[in-house]
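Here are a few warm-up exercises to help you find your way around a new model. Try each task on your own, then read on through the worked solution.

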Amino acid sequence: TWIGCALTVVSMPLDTEILVLEMGTNHPGEITEMVELFPPSIGVITSVGPGHLEGLSDIYGVVKAKTEILTSRNLHSLYYNADISLLKSAVDEYLSSFKKIGVGFERGEVKLTVNKFALNEDKAHLRIVVREGNDEYIIDSSLFGQQNAYAIGLAVAVSRHLSVSPAGIATAVKDFSSLEGRGKIGKTPSGILYIDETYNANPLSLKASLDNIRTLEIKGRKVLVLGSMKELGEHSDYW
């Protein structure tokens, strides 16, 4: 993944003020290497789940790998999913001088609420409320899936930290559309509505898909076409 980070760095415009780098991992030490090469000043941990277990052994290995970002020498703020108990415990126990901001429905300094989740014709509508202290932001999105509330909440919190205006944040989120294989909605020539979630699968993402389909109120049948989940190692049969 460090190659992707390097390409992002060298391709950014000279007047760039904020650079966003994605640091993924499927084995221990990978994020540590990226953090040494590209030390972030703001860290974001979106989620932790039983993915890439072939290289990370178990959920504790996933938490340990994700929290390698905390070793950045430039880190002054960390935003993370506070609803995941194991992640919250790891962050709380980490001795540091940087600021820790949790985002979640149940826990954290930034609170989330899903105000609406629906499917209208061939468009999703996700409305969430983000509360931080006395500030409240209502954000509309066309992203499919309630799990996107976490990503939106984290994006709102970080953007406000960087003094982006609430109106600018709301417009940016509203204009953002799903990528191919990431909840992309379309229609077949015969009029069947489909939701394309084929980019990748792990138990956490599959559960989110099942929950989303279950809660949607639509006319007609709901049909699930499920593929395989890779990189689960010796835990494959269990998951």
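**Exercise 1.** Leaving aside neighbours within four places in sequence, which residues is isoleucine 139 in contact with?

*Solution.* Keep in mind that you're looking at a predicted model. Step one: pick out isoleucine 139 and skip the residues within four places of it in sequence. Step two: list what's left in contact with isoleucine 139, namely Leu126, Arg127, Ile128, Val130, Ile152, Val156, Ile169, Ala170 and Val173.

**Exercise 2.** Find the residues of the largest nonpolar core that touch the most other members, and then find the elements behind this core.

*Solution.* Start with the core itself: it has 26 residues. Those touching the most other members are Tyr79, Ile128, Val130, Ile139, Phe144, Ile152 and Val156. Next, go through the elements: β3 (99-104), β4 (110-120), β5 (123-132), β6 (135-141), α6 (148-161) and α7 (166-175) each supply at least two residues of this core. Which of them gives the most? That's α6, with six residues. Finally, look elsewhere: another core, of 24 residues, lies apart from this one, and among its members are Phe38, Leu53, Val63 and Ala82.

**Exercise 3.** Decide whether leucine 87 is buried or exposed, and describe its surroundings.

*Solution.* First, place it: leucine 87 sits in helix α5, which covers residues 85-93. Second, check its relative accessibility: the value is 0%, so leucine 87 counts as buried, given that buried means under 20%. Third, see what it touches once residues up to four places away in sequence are set aside: Ile45, Val48, Thr67, Tyr80 and Asn81. Last, try a distance: lysine 66 is 21 residues away along the chain, and its C-alpha atom is separated from that of leucine 87 by 8.9 Å.

**Exercise 4.** Work out whether the radius of gyration of the chain agrees with that of a compact globule.

*Solution.* Take the length first: the chain has 239 residues, and a compact globule with that many would have a radius of gyration near 18 Å. Now compare: the chain has 19 Å, which agrees. For the outline, the C-alpha atoms fill a box of roughly 55 × 45 × 40 Å along the principal axes. Then add the secondary structure, which comes to eight helices and eight strands. Buried residues account for 36% of the 239.

**Exercise 5.** Count the charged side chains.

*Solution.* Tally the two sets: there are 23 positive and 29 negative side chains. Then locate their centres, which lie 7 Å apart.

Key
Residues are numbered from 1 along each chain as its sequence is written. This is a predicted model: local features need pLDDT of at least 70, side-chain atom pairs count only at pLDDT 80 or more; totals for chains, interfaces and linings use all residues. Side-chain values use heavy atoms; hydrogens and water are left out. Helices (H or I, at least four residues) and strands (E, at least two) are DSSP runs, numbered from the N terminus. The radius of gyration is taken over C-alpha atoms; the globule rule is 2.2 Å times the number of residues to the power 0.38. Buried means under 20% relative accessible area, exposed over 50%, partly exposed in between (1.4 Å probe, protein chains only). Lys and Arg count as positive and Asp and Glu as negative; His and the chain ends are not counted. The place of a charge is taken as NZ of Lys, CZ of Arg, CG of Asp or CD of Glu. Contact means heavy atoms within 4.5 Å. A nonpolar core is a set of buried Ala, Val, Leu, Ile, Met, Phe, Trp, Tyr and Cys residues joined through side-chain atoms within 4.5 Å.
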